[in-house]
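Thanks for sharing this one. Here are my notes, set out as numbered points so that you can follow them with the model open beside you.

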Amino acid sequence: MRQPLGDTRYFLVGGGIAGLSAAAFLVRDAGVSGPSIRVLESASTLGGSLDGAGDPDSGYLTRGGRMFEEHFVCTLNLFGSIPSFDDPGTSITEDILAFNRATPGSSRCRLVRGGKKAPDRDRLRLGWRETGDLNLLLLTPERRLESRRIDHWFRPAFFETNFWTMWSTMFAFQPWHSAAELRRYLHRFIHLFPGFKRIEGVLRTRYNQYDSLVVPLRNWLVEKGVVLETDSTVTDVELEGEAERRHVRGLVLDGERVVEVGRDDRVLITLGSMTDGSQIGSATASPDPEPGATPAWTLWRKLAAGRSEFGRPEVFCGDTQRSAWSSFTATLDGPDFFDFMEEFTGNRTGTGGLVTFDDSGWRLSIVMFHQPHFPDQPGDRFVFWGYGLRGDRNGDFVRKPMWRATGQEILQELAGQLRLGETERAWFEGAKVRPVWMPFITSQFLPREAGDRPPVRPEGAGNFAFMGQFCEMPRDCVFTVEYSVRSAWTAVHKLSGRVPAPPPVRRTDRDPMVLLRAAGVLLRG
């Protein structure tokens with residue numbers, strides 16, 4: 001017999017996009033009253049890795065952004081019910097689609113070398129061996145790729161191709177990352193191949209993703225009465241029973257057991273965090289070289305200790321040299337640099353996506369956002385973002401790793417890559433630059449085996465389930481909002497008994513026309 005809705009409490013550990021989505025699904029689809037849902041978040045703000053902060057005077061900050069596309073069915077379904085930031089009569093989904101129709105993206109300057117547009121920027125430069133290896137990877141069952149690295153699959157020449165430069169900087173893959181995860185990405189996004197060289201088919205939000213997604217979702221949940229608690233760290237989960245049937249009986253909050261959990265209550269736990277331990281610098285100071293607090297990883301380690309069915313967190317958080325990179329957000333006091341980049345790239349601001357400096361030691365990329373990128377951004381402030389995929393290496397003009405560079409030094413490196421003169425470098429004077437080092441940002445890409453990521457509801461789990469980037473969702477791809485939202489929907493489906501399963505991943509890799517178009521792109525090189 002199902003438990004009456006009024007007698008069941010829901011505790012959501014983690015207030016990132018997975019936790020907030022789960023709360024929304026519980027209210028919208030399961031009929032749970034808002035006050036019966038309690039979200040516990042260790043940080044001082046909600047949203048997890050979908051963040052946006054700052055002001056015009058101190059400078060703005062976004063650690064990064066996730067890509068969207070039209071087949072993110074779970075995400076677009078959820079946000080189709082949430083009013084947008086600017087217009088309560090328009091849903092977030094409607095706003096995203098309208099914004100992208102009005103401001104379609106198509107890069108005219110994806111790659112830069114020697115301070116100029118790369119002449120072969122519209123070619124993949126794949127030879128027949130590289131194309132054959134890609135096709136073989138697509139055809140190889142995922143189970144045969146366990147623990148295998150990308151550079152164990154491809155020959156060295158593959159990593160010198162434009163395909164790899166564009167792919168790795170668009171999705172943040174490294175040669176030592178998981179071949180199985182690369183295979184999933186190839187299958188999942190094969191329909192984007194025709195526009196891949198120009199980053200066409202990728203959807204963007206009107207503002208940064210915190211203000212476009214998190215703030216409206218948070219406000220909607222508050223209106224529904226959901227209890228949202230920040231600065232509340234769940235340091236341990238008390239379990240009873242054996243592996244055949246375990247239940248959560250209590251949550252240890254900030255080191256003290258303050259939350260009793262009954263058998264009829266439900267607990268949804270977000271595992272791990274790709275932005276745990278982030279360190280933020282300034283224009284004149286580099287980020288701290290040691291990871292900060294890692295509450296999400298600490299909790300998963302405790303949960304998994306002696307319980308293999310809860311996954312293996314050390315696979316993902318045990319080697320920050322392989323999972324880190326740096327990003328930066330620059331706030332400028334005038335439009336001169338934006339005007340220059342429009343002429344340099346041929347793209348109107350907000351329509352070009354990533355510009356990658358292919359010969360940069362840091363493998364530096366920048367994005368000129370549609371302005372304003374923050375709702376409170378004045379008309380005389382301009383914000384852009386960038387990151388270094390290989391921030392562990394020395395720069396070409398700043399002879400130190402990007403991880404250890406100040407904001408001013410990052411702009412100095414950027415000026416060198418663009419071959420700016422002294423007059424042009426003055427555009428960066430007074431810039432507010434916020435560099436950030438993220439030790440676990442691509443931890444979900446590290447080589448893995450079956451069981452390293454636990455299922456959403458492990459075998460024997462009674463009143464609890466897992467969510468987020470580090471539980472296993474077959475066929476879908478980590479490092480996307482869709483993965484987190486799908487995991488939340490699945491957890492609510494399995495625990496509430498009142499919500500249907502999420503729609504399946506759209507299998508465009510089974511569409512003959514999609515496959516023909518993708519093959520044509522690869523064969524043309």
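**Notes on helix H8 and the cavities**

1. Let's begin with helix H8, residues 209–223 of this predicted model. H8 has 15 residues, and its first and last C-alpha atoms lie 21 Å apart, close to the 21 Å expected at 1.5 Å a residue.

2. Is H8 mostly covered or mostly open? Mostly covered: 11 of its 15 residues are buried. In the first part of the helix, the buried residues include Gln-209, Tyr-210, Asp-211, Ser-212, Leu-213, Val-214, Val-215, Pro-216 and Leu-217. Trp-220 and Leu-221 are buried too.

3. It is worth turning the model to see what packs over this helix. The cover on the buried residues of H8 includes three helices, H1 (17–28), H2 (73–79) and H3 (92–102). Strand S7 (227–229) is also among the elements that cover them.

4. Both ends of H8 deserve a look. At its start, Asn-208 places a side-chain oxygen within 3.1 Å of the backbone nitrogen of Tyr-210, and Tyr-210 is itself one of the buried residues. After the helix comes Gly-225, with a positive phi near 90°.

5. Now to the empty space inside. How many cavities of 30 Å³ or more does the structure hold? There are 3, and the largest has a volume of about 800 Å³. Its lining is made up of 39 residues, of which Gly-65, Arg-66, Met-67, Arg-204 and Val-367 are the closest to the centre.

6. Which elements give two or more residues to the lining of the largest cavity? They are helix H6 (162–171) and strand S16 (382–388). H6 gives the most, with 3 residues. By class, the lining of this largest cavity has 18 nonpolar, 16 polar and 5 charged residues.

7. Please don't skip the second largest cavity, which holds about 100 Å³ of space. Of the 14 residues that line this second cavity, Thr-345, Asn-347, Arg-348, Gly-352 and Met-368 are the closest to its centre.

8. Which helix gives the most to the lining of the second largest cavity? That is H11 (residues 336–345), with 3 residues. The lining of the second largest cavity divides into 4 nonpolar, 8 polar and 2 charged residues.

Conventions. Residues numbered from 1 in each chain as written. Predicted model: local features only at pLDDT ≥ 70, side-chain atom pairs only at ≥ 80, totals over all residues. Heavy atoms only, no water. Helix = DSSP H or I, 4+ residues; strand = E, 2+ residues; numbered from the N terminus. Expected span 1.5 Å × (residues − 1). Buried < 20%, exposed > 50% of the residue type's maximum accessible area, 1.4 Å probe, protein only. Contact = heavy atoms within 4.5 Å. Polar contact = N/O pair within 3.5 Å; in protein donor to acceptor, adjacent residues only side chain to side chain. 1 Å grid on protein atoms, 1.4 Å probe; cavity = no way out; pocket = protein on both sides within 12 Å on 5 of 7 lines; lining within 4 Å. Points joined across faces, edges and corners; volume = space filled by probe spheres on them. Nonpolar A, V, L, I, M, F, W, Y, C, P; charged D, E, K, R; others polar.
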